[in-house]
Amino acid sequence: MRYAVVSDVHANLEALEAVLADIESRDLEEILFLGDAVGYGPNPNECVALLKERCKIMLAGNHDLAAIGSTGLEYFNEYAKAAILWTQSVLTEKNRRFLGTLPVKKHRNKENVLLVHSTPKEPEEWHYLSTLWDAEINFHYFSERICFIGHSHMPFLIERLPSGEMLTSTDKGSLGKSARYIINAGSVGQPRDRDLRACYVAADDDAVEFVRVDYRREATQRRMHEFGLPRPLIEKLSEGA
Ligand code: ZN
C-alpha cells in the first residue's frame with residue numbers, strides 16, 4: 001500500500017492544501033499525521049478540521065497539547081509562546097476537545113510502522129532525535145520495521161542494518177527487507193532545512209520519498225502579519241531555518 005506521512009503543519013493552511021493536492025495527485029491511499037497541527041501559523045482551526053477530514057491517523061504534538069493547556073510552555077521560546085497564546089485565544093471548543101483526544105504515538109500493524117511526534121523512547125518528553133547516537137538508543141524502543149517521527153522539522157532517514165551499521169540519507173531511498181528505519185517526515189508548515197517548500201513523505205513497503213511542494217507562502221505570511229503573530233515566525237517561512 002502507498003501512503004503519505006505528514007507532520008508539523010503548524011496552522012499553515014496554504015502549505016497543507018498544497019500537500020494534500022499533491023498527495024491526491026499521487027494516489028496515496030492513506031495519510032498518517034505525526035502531530036503539531038497548530039502553533040506558529042495563522043489558521044489553526046482550518047488546519048485541524050482539514051486534517052481530521054483527510055487523515056487516517058492523527059497524533060498530537062507538543063504545540064497541540066500546549067494549545068489546549070495539556071503541556072507546559074516552559075520549553076517554548078518567546079515567539080512560540082506568543083503564537084501558542086494567540087492560538088489558545090482563537091481555537092474553537094470543538095477543536096480543543098478534538099486535539100485532547102489524540103495520542104502521542106500509535107502502532108500500525110498494517111504497514112509495520114510506529115508513528116510518534118518526538119521519540120519512541122519518551123514520546124511525551126518532547127526530546128529531539130538528531131544524532132546517530134540518539135537513533136541507536138531509540139531503535140531499542142520500538143519493534144516495528146520503521147518508526148516515523150517529526151518534531152525537529154528536519155527531514156532525514158536513518159537506516160540500521162542487521163550488522164548494527166547505520167546509514168543516513170535526506171533523499172529518496174529504497175527500503176531493505178532486513179534493515180530497520182527511523183524516518184523524520186520533515187515539516188509541512190515550517191521547514192527548517194533551508195528548502196522553503198512544504199515537505200512530506202510518500203512511502204510504500206519498498207521505498208520512501210521526501211516530497212517537496214511549493215505553496216503561496218506570501219498569503220500565509222500576510223495573514224500572520226494581520227493577526228499580529230511574531231515577526232521572526234513570519235520571516236522563518238522565507239528563510240527555511
Ligand atoms: Zn513542530
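Arg212 sits in strand S12, and that strand is a good way into this predicted model. From there the tour goes to a zinc site held by Asp8, His10, Asp36 and His153, and then to two open sheets, each of six strands. Here's the rundown, topic by topic.

**Arg212 and its surroundings**
- Leaving aside residues up to four places away in sequence, Arg212 touches Pro155, Pro191, Asp193, Asp195, Arg197, Ala198 and Cys199.
- Take Ala135 as a reference point: Arg212 is 77 residues from Ala135 in sequence, and their C-alpha atoms are 24 Å apart in space.
- Strand S12 covers residues 207-213, and helix H1 lies across S12 as well as S1, S2 and S11.
- Relative to S11, H1 runs at about 25°.

**The zinc site**
- Four residues coordinate the zinc ion: Asp8 and Asp36 through OD atoms, His10 and His153 through NE2, at 1.9 to 2.5 Å.
- If you like to read sites off the sequence, the donor spacing is D-x1-H-x25-D-x116-H.
- Asp8 comes from the loop between strand S1 (3-6) and helix H1 (13-25), and Asp36 from the loop between strand S2 (30-33) and helix H2 (44-54), so this pair ties together parts that are 28 residues apart in sequence.
- The geometry comes out as irregular, with angles of 87 to 178° among the four donor atoms.
- For reference, ideal angles for four tetrahedral donors are 109.5 degrees.
- Asp8 counts as buried because its relative accessibility is 0%, and the cut-off for buried is under 20%.
- Asp36 also counts as buried, at 1% relative accessibility.

**Gly186, a neighbour of two zinc donors**
- Look for Gly186 in the loop between strand S10 (180-184) and strand S11 (198-203).
- Gly186 touches Asp8 and His153, along with Ser7, Met154, Pro155 and Cys199, when residues up to four places away in sequence are not counted.
- With 0% relative accessibility, Gly186 counts as buried.
- Gly186 and Asn62 are 124 residues apart in sequence, yet 15 Å separates them in space, C-alpha to C-alpha.

**The sheet that holds S1, S2 and S12**
- This open sheet has six strands in the order S3-S2-S1-S11-S12-S9, and its pairing is mixed.
- At its edges are strand S3 (57-58) and strand S9 (173-174), each of which pairs on one side only.
- S2 and S3 run parallel and are joined by two bridges.
- Across from Phe33 you'll find Met58 in S3.

**The sheet that holds S5**
- The other open sheet of six strands reads S4-S5-S6-S10-S7-S8, again with mixed pairing.
- S4 and strand S8 (166-169) are at the edges with a single partner strand each, so one side of each has no neighbour in the sheet.
- From one strand to the next, the twist averages 15°.

**S5 and its two partners**
- Strand S5 (residues 113-116) points Val113 and Leu115 one way and Leu114 and Val116 the other way, and all of these are buried.
- On one side, S5 pairs with strand S4 (residues 105-108) in the antiparallel sense, over four bridges.
- His107 stands opposite Leu114 in S5, while Lys106 has Leu115 as its bridge partner.
- The S4-S5 hairpin has four residues between the strands, and in it Asn112 takes a positive phi near 55°.
- S5 also pairs with strand S6 (residues 146-149), running parallel, with three bridges between them.
- Leu115 stands opposite Phe148 in S6.

**Helix H6, between S5 and S6**
- S5, helix H6 (residues 132-139) and S6 together make a right-handed β-α-β unit.
- Which residues of H6 are buried? They are Ala135, Glu136, Asn138 and Phe139.
- Those buried residues pack against strand S7 (156-160), S8 and S10.

Methods:
Residues numbered from 1 in each chain as written. Predicted model: local features only at pLDDT ≥ 70, side-chain atom pairs only at ≥ 80, totals over all residues. Heavy atoms only, no water. Buried < 20%, exposed > 50% of the residue type's maximum accessible area, 1.4 Å probe, protein only. Pairing = 2+ DSSP bridges. Right-handed = clockwise from strand over helix to strand, strands pointing away. Donors = N, O, S within 2.8 Å, 3.2 Å for Na, K, Ca; no water. Tetrahedral: all angles 85-135°; square planar, octahedral: opposite > 155°, others 65-115°. Contact = heavy atoms within 4.5 Å. Axes fitted to C-alpha atoms, helices over the stretch in contact; angles between N-to-C directions.
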